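Got the structure open in your viewer? Here's a short tour of what to select next and what you'll find there.

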Amino acid sequence: MSLIGKKINEFKATAYQNGDFINVTSDNLKGKWSVVVFYPADFTFVCPTELEDLADHYEKFKAEGCEVYSVSTDTHFVHKAWHDTSDRIKKIQFPMVADPTGKISREFEVLVEEEGLALRGSFVINPEGVVVAYEVHDMGIGREASELLRKLQAAKFVAEHGEVCPAKWKPGKETLKPSIDLVGKL
(Lines give C-alpha, C1' and ligand atoms only; values in the text may rest on other atoms or scores of the structure.)
Protein backbone atom coordinates (compact mmCIF):
# COMPACT_ATOMS: atom_id res chain seq x y z
CA MET A 1 0.00 0.00 0.00
CA SER A 2 1.33 3.44 -0.90
CA LEU A 3 2.08 6.14 1.63
CA ILE A 4 1.12 8.87 -0.87
CA GLY A 5 -1.75 10.83 0.64
CA LYS A 6 -1.06 9.54 4.16
CA LYS A 7 -1.46 12.13 6.88
CA ILE A 8 1.40 12.00 9.37
CA ASN A 9 0.36 10.48 12.69
CA GLU A 10 1.19 12.25 15.93
CA PHE A 11 4.67 11.73 17.31
CA LYS A 12 7.04 13.40 19.74
CA ALA A 13 10.81 13.01 19.70
CA THR A 14 14.01 14.63 20.89
CA ALA A 15 16.43 15.97 18.31
CA TYR A 16 19.91 17.45 18.31
CA GLN A 17 20.23 20.78 16.51
CA ASN A 18 22.91 23.47 16.66
CA GLY A 19 24.26 22.51 20.08
CA ASP A 20 20.90 21.92 21.76
CA PHE A 21 18.43 19.15 22.41
CA ILE A 22 15.02 20.18 21.12
CA ASN A 23 11.56 18.64 20.97
CA VAL A 24 10.17 17.78 17.56
CA THR A 25 6.55 16.75 17.10
CA SER A 26 4.28 15.97 14.20
CA ASP A 27 2.99 19.54 14.57
CA ASN A 28 6.41 20.80 13.41
CA LEU A 29 5.68 19.17 10.05
CA LYS A 30 2.50 21.18 9.54
CA GLY A 31 2.09 24.66 8.12
CA LYS A 32 5.16 24.45 5.89
CA TRP A 33 6.83 22.00 3.54
CA SER A 34 8.98 19.36 5.21
CA VAL A 35 11.47 16.74 4.10
CA VAL A 36 12.07 13.78 6.40
CA VAL A 37 15.14 11.68 5.63
CA PHE A 38 15.61 8.35 7.41
CA TYR A 39 19.01 6.69 7.51
CA PRO A 40 20.28 3.48 9.17
CA ALA A 41 22.69 4.70 11.86
CA ASP A 42 25.20 7.25 13.07
CA PHE A 43 28.92 6.43 12.86
CA THR A 44 28.49 4.39 9.68
CA PHE A 45 29.71 4.65 6.09
CA VAL A 46 27.16 5.83 3.51
CA CYS A 47 25.12 7.87 6.02
CA PRO A 48 27.68 10.64 6.59
CA THR A 49 28.10 11.14 2.84
CA GLU A 50 24.35 11.55 2.39
CA LEU A 51 23.89 13.83 5.38
CA GLU A 52 26.82 16.00 4.30
CA ASP A 53 25.23 16.32 0.85
CA LEU A 54 21.93 17.28 2.50
CA ALA A 55 23.73 19.80 4.72
CA ASP A 56 25.40 21.30 1.63
CA HIS A 57 21.91 21.80 0.10
CA TYR A 58 20.16 22.89 3.31
CA GLU A 59 20.01 26.60 2.42
CA LYS A 60 18.29 25.71 -0.87
CA PHE A 61 15.66 23.69 1.02
CA LYS A 62 15.14 26.59 3.42
CA ALA A 63 14.80 28.99 0.47
CA GLU A 64 11.88 26.80 -0.66
CA GLY A 65 10.22 27.28 2.75
CA CYS A 66 11.07 23.73 3.75
CA GLU A 67 12.53 22.27 6.93
CA VAL A 68 14.66 19.15 6.73
CA TYR A 69 14.63 16.47 9.44
CA SER A 70 17.07 13.57 9.50
CA VAL A 71 15.94 10.53 11.51
CA SER A 72 17.68 7.40 12.73
CA THR A 73 17.04 4.95 15.53
CA ASP A 74 20.02 6.35 17.45
CA THR A 75 19.46 8.50 20.54
CA HIS A 76 19.85 12.28 20.58
CA PHE A 77 23.00 11.75 22.69
CA VAL A 78 24.56 9.69 19.89
CA HIS A 79 23.57 12.37 17.35
CA LYS A 80 25.41 14.95 19.46
CA ALA A 81 28.50 12.74 19.80
CA TRP A 82 28.57 12.14 16.05
CA HIS A 83 28.10 15.85 15.35
CA ASP A 84 30.96 16.67 17.74
CA THR A 85 33.40 14.19 16.18
CA SER A 86 32.73 14.13 12.43
CA ASP A 87 33.74 16.98 10.12
CA ARG A 88 31.01 15.96 7.68
CA ILE A 89 28.29 15.89 10.31
CA LYS A 90 29.44 19.19 11.88
CA LYS A 91 28.00 20.86 8.77
CA ILE A 92 24.44 19.82 9.72
CA GLN A 93 22.17 22.61 10.91
CA PHE A 94 18.82 20.82 10.52
CA PRO A 95 17.27 18.75 13.35
CA MET A 96 18.75 15.28 13.80
CA VAL A 97 15.76 13.39 15.22
CA ALA A 98 16.21 10.46 17.60
CA ASP A 99 13.91 7.48 17.14
CA PRO A 100 15.34 4.85 19.53
CA THR A 101 11.98 3.03 19.88
CA GLY A 102 11.50 2.92 16.10
CA LYS A 103 8.00 4.42 16.40
CA ILE A 104 8.54 7.10 13.75
CA SER A 105 10.40 4.69 11.45
CA ARG A 106 7.49 2.24 11.75
CA GLU A 107 4.97 4.97 10.91
CA PHE A 108 6.87 5.72 7.72
CA GLU A 109 7.26 1.98 7.02
CA VAL A 110 11.06 2.05 6.84
CA LEU A 111 12.01 0.15 10.02
CA VAL A 112 13.80 -3.16 9.58
CA GLU A 113 12.50 -4.74 12.79
CA GLU A 114 15.10 -7.51 13.15
CA GLU A 115 17.93 -4.98 12.87
CA GLY A 116 16.36 -2.03 14.67
CA LEU A 117 17.53 0.22 11.81
CA ALA A 118 15.73 2.32 9.23
CA LEU A 119 16.05 1.95 5.50
CA ARG A 120 17.03 5.06 3.54
CA GLY A 121 13.63 6.72 3.17
CA SER A 122 13.10 10.25 1.84
CA PHE A 123 9.66 11.84 2.30
CA VAL A 124 8.28 15.14 1.02
CA ILE A 125 5.41 16.33 3.22
CA ASN A 126 3.09 19.18 2.31
CA PRO A 127 1.96 21.93 4.74
CA GLU A 128 -1.14 19.90 5.62
CA GLY A 129 1.10 17.11 6.95
CA VAL A 130 0.45 14.75 4.03
CA VAL A 131 3.06 12.67 2.18
CA VAL A 132 3.18 13.79 -1.47
CA ALA A 133 6.41 12.07 -2.57
CA TYR A 134 8.72 9.43 -1.18
CA GLU A 135 11.44 7.03 -2.11
CA VAL A 136 12.96 4.18 -0.12
CA HIS A 137 16.38 2.65 -0.76
CA ASP A 138 18.17 -0.37 0.65
CA MET A 139 20.81 0.48 3.26
CA GLY A 140 23.73 0.30 0.84
CA ILE A 141 22.33 2.72 -1.78
CA GLY A 142 23.05 6.39 -1.15
CA ARG A 143 20.78 9.24 -2.21
CA GLU A 144 21.41 12.60 -3.82
CA ALA A 145 20.11 15.77 -2.14
CA SER A 146 19.72 17.68 -5.42
CA GLU A 147 17.18 15.13 -6.67
CA LEU A 148 15.25 15.35 -3.39
CA LEU A 149 15.25 19.14 -3.75
CA ARG A 150 13.94 18.80 -7.32
CA LYS A 151 11.10 16.57 -6.08
CA LEU A 152 10.21 19.13 -3.41
CA GLN A 153 10.18 21.91 -6.01
CA ALA A 154 7.98 19.84 -8.33
CA ALA A 155 5.56 18.98 -5.52
CA LYS A 156 5.30 22.65 -4.58
CA PHE A 157 4.74 23.68 -8.21
CA VAL A 158 1.97 21.10 -8.70
CA ALA A 159 0.27 22.17 -5.45
CA GLU A 160 0.46 25.87 -6.31
CA HIS A 161 -0.33 25.81 -10.04
CA GLY A 162 -2.42 22.71 -10.75
CA GLU A 163 -0.11 21.81 -13.63
CA VAL A 164 2.06 18.72 -13.77
CA CYS A 165 5.82 18.40 -14.07
CA PRO A 166 7.23 16.07 -16.74
CA ALA A 167 10.36 13.95 -16.43
CA LYS A 168 13.54 15.90 -15.64
CA TRP A 169 11.50 19.04 -14.83
CA LYS A 170 13.32 21.80 -12.99
CA PRO A 171 12.04 25.22 -11.89
CA GLY A 172 11.60 27.52 -14.85
CA LYS A 173 11.17 24.66 -17.31
CA GLU A 174 7.97 23.89 -19.19
CA THR A 175 5.14 22.13 -17.38
CA LEU A 176 1.99 20.49 -18.68
CA LYS A 177 -1.61 21.49 -18.11
CA PRO A 178 -3.66 18.27 -18.07
CA SER A 179 -6.47 18.33 -20.62
CA ILE A 180 -8.16 16.10 -23.14
CA ASP A 181 -6.26 17.94 -25.85
CA LEU A 182 -2.97 16.40 -24.62
CA VAL A 183 -4.19 12.81 -24.75
CA GLY A 184 -2.13 10.90 -27.31
CA LYS A 185 -0.07 13.96 -28.29
CA LEU A 186 2.92 13.50 -26.02
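Start by selecting F108 and F123: both are buried. Keep in mind as you click around that this is a predicted model. Show the two rings as sticks and look at how they sit. Their centres are 4.7 Å apart and their planes stand at 70°, which makes the pair edge-to-face, since anything over 60 degrees gets that label. Now colour by secondary structure. F108 is in the loop between α3 (103-107) and β6 (111-112), while F123 belongs to strand β8 (residues 120-125), so the pair ties together parts that are 15 residues apart in sequence.

Add F38 and Y134 to the selection. Ring pairs link F38, F108, F123 and Y134 into a cluster.

While you're in that loop, click on E109. E109 also lies in the loop between α3 and β6. Unlike a glycine, it has a side chain, yet what is its phi? The phi of E109 is positive, about 60°, although E109 is not a glycine. Switch on a surface and you'll find E109 exposed, with a relative accessible area of 54%.

For another residue with a positive phi, go to K168, in the segment after α4. K168 isn't a glycine either, and its phi is near 65°. K168 counts as exposed at 75% relative accessibility.

Back to the rings. The structure holds ten aromatic pairs, and the next one to pick out is F43 with W82. Their centres are 6.0 Å apart, with 40° between the planes, and that pair is tilted. Which parts of the chain does this pair link? F43 sits in the loop between β3 (33-38) and α1, and W82 in helix α2 (residues 76-85), so these are distant parts of the chain, 39 residues apart. Is W82 buried or exposed? W82 is buried, at a relative accessible area of 3%, whereas F43 counts as partly exposed at 47%.

Next, hide the side chains and show helices α1 (residues 46-63) and α4 (residues 145-161). Their axes come within 9 Å and cross at roughly 30°. That makes α1 roughly parallel to α4, because angles under 35 degrees fall in that class. The crossing is right-handed. Bring the side chains back to see who makes the contact:

- from α1, select D53, L54, H57, K60 and F61;
- from α4, select A145, S146, L148, L149 and L152.

Colour that set by residue class and you get six nonpolar, two polar and two charged residues.

Two buried spots in strands round off the tour. First, S72, in strand β4 (residues 66-72). S72 is buried, with a relative accessible area of 0%. What is S72 in contact with, leaving aside its neighbours within four places in sequence? The list is Y39, P40, A41, D42, H79, V97, A98 and D99.

Then jump to A15, in strand β1 (residues 12-17). A15 counts as buried at 0% relative accessibility. Draw a distance from its C-alpha to that of M96: the two atoms are separated by 5.1 Å, although the residues are 81 apart along the chain. Leaving aside neighbours within four places in sequence, the contacts of A15 include P95, M96, V97 and A98, along with D20, F21, I22, V24 and H76. Select V97 and A98 last: both are in contact with S72 and with A15.

Key
Residues are numbered from 1 along each chain as its sequence is written. This is a predicted model: local features need pLDDT of at least 70, side-chain atom pairs count only at pLDDT 80 or more; totals for chains, interfaces and linings use all residues. Side-chain values use heavy atoms; hydrogens and water are left out. Axes are lines fitted to C-alpha atoms, for helices over the stretch in contact, and angles run from 0 to 180 degrees between N-to-C directions. Helices (H or I, at least four residues) and strands (E, at least two) are DSSP runs, numbered from the N terminus. Angles under 35 degrees count as roughly parallel, over 145 as roughly antiparallel, 65 to 115 as roughly perpendicular and the rest as oblique. A crossing is left-handed if the near helix is turned anticlockwise from the far one by less than a right angle, and right-handed if clockwise. Contact means heavy atoms within 4.5 Å. Ala, Val, Leu, Ile, Met, Phe, Trp, Tyr, Cys and Pro count as nonpolar, Asp, Glu, Lys and Arg as charged, and the others, Gly among them, as polar. Rings of Phe, Tyr and Trp (its six-membered ring) pair if their centres lie within 6.5 Å; planes under 30 degrees apart count as stacked, over 60 as edge-to-face and the rest as tilted. Buried means under 20% relative accessible area, exposed over 50%, partly exposed in between (1.4 Å probe, protein chains only).
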